[in-house]
Amino acid sequence: MDAESIRALLSQAFPDAAELAVEDRTGTGDHFQVTVVSPDFDGIPLIDQHRRVNDVLAASLADGSIHELRIKTKGTT
Amino acid sequence: MKTLNEQISEVIQQEPVAVFMKGTPQMVMCGNSHRALQALHAAGAPITAVDILPDPRIRQELSEISGWPTIPQVFVKGELIGGADITEELLASGELQQKLDESLGSDRDQEVKVVQLELA
C-alpha cells in the first residue's frame with residue numbers, strides 16, 4: 001500500500017475535505033499517519049470520526065497491508 | 001470453559017478501564033500500546049490490560065465485538081474510547097480525566113493489573 005492509494009481512497013470518501021494528508025511514517029508502505037479535516041466531521045464525536053476513516057481503509061487494515069494507522073481528524077467549524 | 005468472546009466481553013464490561021494491547025504494561029511490545037498506557041497513567045486511570053499477542057483469535061474476536069480494527073483499544077466502563085491517538089487527544093483536551101472522574105470518581109485507585117484469557 002502506498003500513501004497515494006490511501007490518499008485517493010480518502011479523498012473519494014471525503015470529497016469536501018479542507019485538509020487531507022497521508023504520510024508514510026517509516027517509508028515501508030505499512031505505517032501511516034493520516035490527517036483529515038472535513039465538514040463531514042462537524043459535530044461528530046472523535047471516536048466516530050476515526051471510525052469513518054477506519055471504515056474507508058477497512059480492507060487494508062484487515063489484510064494487514066496497513067500495519068499501523070495513526071489518525072488525526074477534525075471538523076471545520 | 002467460557003468462550004474467548006465471552007471472556008473478552010466480560011473484561012470490557014466488568015473492568016473500570018480495560019486496555020487490549022500488544023504485550024503487557026510490564027513488557028510493552030508496541031509503540032502505540034505504550035502511548036495509550038502513558039496517556040492513561042497521566043490521567044490517573046486504573047488499568048486492566050489484556051495482551052492480544054498470545055493468539056490471533058483474541059484480536060479477531062475483540063474487533064468483532066468493538067467494530068474497531070486496530071490495537072490498542074481502550075474501554076472505560078464498557079465503552080470504547082478509542083485507540084492511542086484518541087486517548088492521547090482526550091488527555092490533552094482534559095476530556096479523559098473528566099470522563100474518568102465521572103465514571104470512576106476522582107478518588108479512584110490506580111491499580112495496574114493484567115488479565116490472562118484462557119485459550120482452548
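Trainee: Why are H2(B) and H4(B) called roughly parallel to each other?

Mentor: Keep in mind that this is a predicted model. In it, helix H2 (residues 31-42) of chain B packs on H4(B) at an angle of about 25 degrees, and their axes are 8 Å apart. Angles under 35 degrees count as roughly parallel, so that is the label for H2(B) and H4(B).

Trainee: Which residues meet there, in H2(B) and H4(B)?

Mentor: From H2(B) come B:Asn32, B:Arg35, B:Ala36, B:Ala39, B:Leu40 and B:Ala42, and from H4(B) come B:Ala84, B:Thr87, B:Glu88 and B:Leu91. Sorted by class, that contact has six nonpolar, two polar and two charged residues. As for the handedness, H2(B) passes H4(B) in a left-handed crossing.

Trainee: What makes H1(B) and H3(B) oblique to each other?

Mentor: Try the angle again. Helix H1 (residues 4-14) of chain B and helix H3 (residues 56-66) of chain B pack at about 60 degrees, with their axes 10 Å apart. Roughly parallel needs an angle under 35 degrees, and roughly perpendicular runs from 65 to 115. The angle of about 60 degrees fits neither range, so H1(B) and H3(B) are oblique to each other.

Trainee: And in which handedness does H1(B) pass H3(B)?

Mentor: That crossing is right-handed. On the H1(B) side you'll find B:Leu4, B:Asn5, B:Ile8 and B:Ser9, and they meet B:Arg57, B:Ile58, B:Glu61, B:Leu62 and B:Ile65 in H3(B). The residues of this contact divide into five nonpolar, two polar and two charged.

Trainee: On to the sheet. Why do E6 and strand E7 (112-114) of chain B stand at the edges?

Mentor: Look at the strand order, E6-E5-E1-E4-E7, in this open sheet of five strands in chain B. E6 and E7 of chain B each have a single partner strand, so one side of each is left without a neighbour in the sheet. The twist averages 25 degrees from one strand to the next.

Trainee: How do you know that the pairing in that sheet of chain B is mixed?

Mentor: Check two of the pairs. Strand E1 (residues 17-21) and strand E4 (residues 47-51) of chain B pair in the parallel sense over four bridges. Strand E5 (residues 73-76) of chain B and E6(B) run antiparallel, joined by three bridges. With both senses in one sheet, the pairing is listed as mixed.

Trainee: Can you point me to some residues I can find in those pairs?

Mentor: Sure. B:Phe20 stands opposite B:Val50 in E4(B). For the antiparallel pair, B:Val74 has B:Gly82 in E6(B) as its bridge partner. Take a look at the turn as well: E5(B) and E6(B) form a hairpin with two residues between them, and B:Lys77 in the turn has a positive phi of about 50 degrees.

Trainee: What about the sheet in chain A: which are its edge strands?

Mentor: They are strand E1 (19-24) and strand E3 (68-74) of chain A, as each pairs on one side only. The sheet is open, with three strands in the order E1-E2-E3 and mixed pairing. Its twist averages 10 degrees from one strand to the next. E1(A) and strand E2 (residues 31-37) of chain A run antiparallel with six bridges, and A:Glu19 stands opposite A:Val37 in E2(A). Helix H1 (residues 3-13) of chain A lies across E1 and E2 of that chain, running at about 155 degrees to E1(A).

Trainee: Why is chain A said to be as compact as a globular protein of its length?

Mentor: Set the two values side by side. The globule rule gives 11 Å for 77 residues, and the radius of gyration of chain A is 12 Å, which is close, so chain A counts as that compact. The chain has three helices and three strands, in the pattern α-β-β-α-α-β along the sequence.

Trainee: How does chain B, with 120 residues, do against a compact globule?

Mentor: A compact globule would have a radius of gyration near 14 Å, and chain B has 13 Å, so the two agree. Chain B is built with five helices and seven strands.

Trainee: Last one: how many residues does the contact take from chain B and from chain A?

Mentor: Nine residues from chain B and twelve from chain A. On the chain B side, strand E6 (79-82) and helix H4 (84-93) are the elements that give two or more residues. By class, that side has four nonpolar, three polar and two charged residues.

Technical notes. Residues numbered from 1 in each chain as written. Chains lettered and ligands numbered in written order. Predicted model: local features only at pLDDT ≥ 70, side-chain atom pairs only at ≥ 80, totals over all residues. Contact = placed C-beta atoms within 7 Å. Nonpolar A, V, L, I, M, F, W, Y, C, P; charged D, E, K, R; others polar. Pairing = 2+ DSSP bridges. Axes fitted to C-alpha atoms, helices over the stretch in contact; angles between N-to-C directions. Parallel < 35°, antiparallel > 145°, perpendicular 65-115°, else oblique. Left-handed = near helix turned anticlockwise from the far one by under 90°. Rg over C-alpha atoms; globule rule 2.2 N^0.38 Å.
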